[in-house]
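Work through the exercises below with the model open. Try each task before reading its solution.

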Amino acid sequence: MKMFPKILWLIAICSGGALAALERVEYAVAAWEPSERGNHRAVVEVAEAADAVCVTIPWRRHDPAPELKGIRCEDEAGNRIGNVLAPFVSQAFGTVVFRPERGAGIYHIYYLPYREPQNWWDRPGPHLAPEFTAEAGWCERNDLTNAAAIGALPKARVLRLEARTEFDRFDPMEVAAAPDEVAQMLPPDGGFRVFVEDRHRPIRMQYHLPLRWLDAPAEARLTDTVRPGEIYAFQLGIWSPGARLENVVAECSDAALQFSCINQEGVDAFGDRMQVAVHAEAGEVLPLWCLVRIPAAASGVLRGEFAVRFAGGRMRLIPYELTVSGEVLTDGGVGEPEHMGRLAWLNSTIAQ
């Protein structure tokens with residue numbers, strides 16, 4: 001069966017009452033056997049029995065070519081449903097039509113299926129390609145080559161998106177903003193934006209913006225609580241949608257904090273100091289990992305500014321407000337590796 005042109009499908013879902021903007025859904029973790037299912041699924045609710053239902057899944061994927069990866073649908077008991085097709089798949093969302101064989105209830109749609117390794121030394125197999133399993137009679141009966149007919153089908157509802165383990169979950173930093181959401185984050189002056197990100201949420205996507213940045217203030221700002229003596233880590237996400245930024249440099253207004261950016265400076269294998277030229281490619285996200293050392297005698301609130309500049313003199317200032325409280329960390333906090341203070345070890349001269 002031929003897939004009708006994308007524009008017809010968009011017209012159909014709009015006329016069928018689909019939301020103009022993608023909804024935000026809950027993310028959770030569940031457990032299942034991954035082989036031929038993969039690690040990610042949408043939990044879908046069908047309200048009433050029907051021969052065919054339609055659901056739009058706002059999965060906001062960051063994997064390349066999602067249209068080349070298969071879709072698998074099962075009922076809540078794990079029985080595979082053969083009458084399923086995906087007339088439209090994009091990185092922002094996918095539209096799936098299926099026959100709810102058990103009537104009203106919960107169904108699972110797996111959207112990154114793969115074959116599990118057979119031995120511990122095997123690598124996971126590639127993602128499974130789309131497989132057409134729908135019966136011709138079912139397609140004809142529901143007129144599934146007709147965009148308007150698909151748009152008029154009963155709608156199923158996405159309850160949540162689930163990952164198989166905590167390690168596999170995409171949220172929050174691998175949930176990619178949709179194109180219209182990215183448009184809302186464009187810098188007003190046509191230049192570049194700086195996003196401040198917490199040390200516990202590493203910036204992982206190079207070619208997409210995390211959806212959570214849609215809620216970030218237009219003017220970047222760092223506010224956090226730190227401890228005396230702490231090696232405090234944070235990230236600056238640089239995004240220039242229109243042009244390459246040459247020689248990006250991050251700086252701090254307070255020399256007492258011993259600011260460093262491990263992307264741009266460090267210690268080489270011979271124990272010598274080195275400087276690294278850092279460039280932000282157009283349209284890509286450049287994460288800068290930064291460290292400050294909170295003085296052991298510090299107290300109260302530390303205020304100042306970080307600056308990000310590049311060749312040509314353009315600059316962004318990022319105000320910071322760090323509230324110092326708690327006991328002095330004599331080890332800088334490296335005993336708590338989840339706080340990323342051990343990044344300072346990259347510039348260690350021990351054993352040189």
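## Exercise 1: A three-stranded sheet

An open sheet is built from three strands in the order β3-β6-β5, with antiparallel pairing. Strands here are DSSP runs of E, at least two residues long, and helices are runs of H or I, at least four long, all numbered from the N terminus. Two strands pair if DSSP finds at least two bridges between them.

The model is predicted: local features need pLDDT of at least 70, side-chain atom pairs count only at pLDDT 80 or more, and totals for chains, interfaces and linings use all residues. Residues are numbered from 1 along each chain as its sequence is written, and side-chain values use heavy atoms, with hydrogens and water left out.

**Task.** Find which strands stand at the edges of this sheet, then describe how β5 is joined to β6.

**Solution.**
1. The edges are β3 (53–57) and β5. Each has a single partner strand, so one side of each lacks a neighbour in the sheet.
2. From one strand to the next, the twist averages 20°. Axes are lines fitted to C-alpha atoms, and angles run from 0 to 180 degrees between N-to-C directions.
3. β5 and β6 (residues 94–98) run antiparallel and are joined by four bridges.
4. Four residues lie between β5 and β6, and the two strands form a hairpin.
5. Check the register. Val84 stands opposite Phe98 in β6. Val89 has Gly94 of β6 as its bridge partner.
6. Now check burial. Buried means under 20% relative accessible area, exposed over 50%, and partly exposed in between, with a 1.4 Å probe and protein chains only. In β5 (residues 84–89), five of the six residues are buried, so the strand is largely enclosed by the rest of the structure.

## Exercise 2: A mixed sheet and its aromatic side chains

**Task.** Give the order of the four-stranded open sheet, then follow Phe306 to its partners.

**Solution.**
1. The order is β10-β18-β17-β12, and the pairing is mixed.
2. β10 (222–226) and β12 (249–252) are the edge strands, each pairing on one side only.
3. Neighbouring strands are turned by 25° against each other on average, direction ignored.
4. β17 (residues 300–309) pairs with β18 (residues 315–324) in the antiparallel sense, over ten bridges. Phe306 stands opposite Ile318 in β18.
5. Count the aromatic pairs. Rings of Phe, Tyr and Trp (its six-membered ring) pair if their centres lie within 6.5 Å; planes under 30 degrees apart are stacked, over 60 edge-to-face, and the rest tilted. The count is ten.
6. Phe259 and Phe306 make a tilted pair, 5.6 Å centre to centre with 40° between the planes.
7. Phe259 lies in the loop between β12 and β13 (260–261), and Phe306 in strand β17, so the pair ties together parts 47 residues apart in sequence.
8. Both rings belong to buried residues: Phe259 has 16% relative accessibility, and Phe306 has 0%.
9. One aromatic cluster consists of Tyr232, Phe234, Phe259, Phe306 and Tyr320.

## Exercise 3: Cysteines

**Task.** Work out how many disulfides the model has, and why Cys54 is in no bond with Cys73.

**Solution.**
1. Apply the cut-off: a disulfide is a pair of cysteine sulfur atoms within 2.5 Å.
2. The count comes to zero disulfides.
3. The closest cysteine sulfur to that of Cys54 is in Cys73, 12 Å away, which is too far for a bond.
4. Cys54 is buried at 3% relative accessible area. Cys73 is buried at 0%.

## Exercise 4: One loop, two residues

**Task.** Is His208 buried or exposed, and where does Asp215 lie?

**Solution.**
1. His208 is in the loop between β9 (193–197) and β10. Asp215 lies in the loop between β9 and β10.
2. His208 counts as buried, at 17% relative accessibility. Asp215 counts as exposed, at 55%.
3. List contacts (heavy atoms within 4.5 Å). Not counting residues up to four places away in sequence, His208 touches His62, Gln91, Ala176 and Val285.
4. Take a C-alpha distance. Asp215 and Ala256 are 32 Å apart in space and 41 residues apart in sequence.

## Exercise 5: The whole chain

**Task.** How many helices and strands does the protein have, and what share of its residues is buried?

**Solution.**
1. The secondary structure comes to four helices and 18 strands.
2. Of the 352 residues, 46% count as buried.
3. Among contacts between residues at least 6 apart in sequence, 80% join residues at least 24 apart.
4. The C-alpha atoms fill a box of roughly 75 × 50 × 40 Å along the principal axes.
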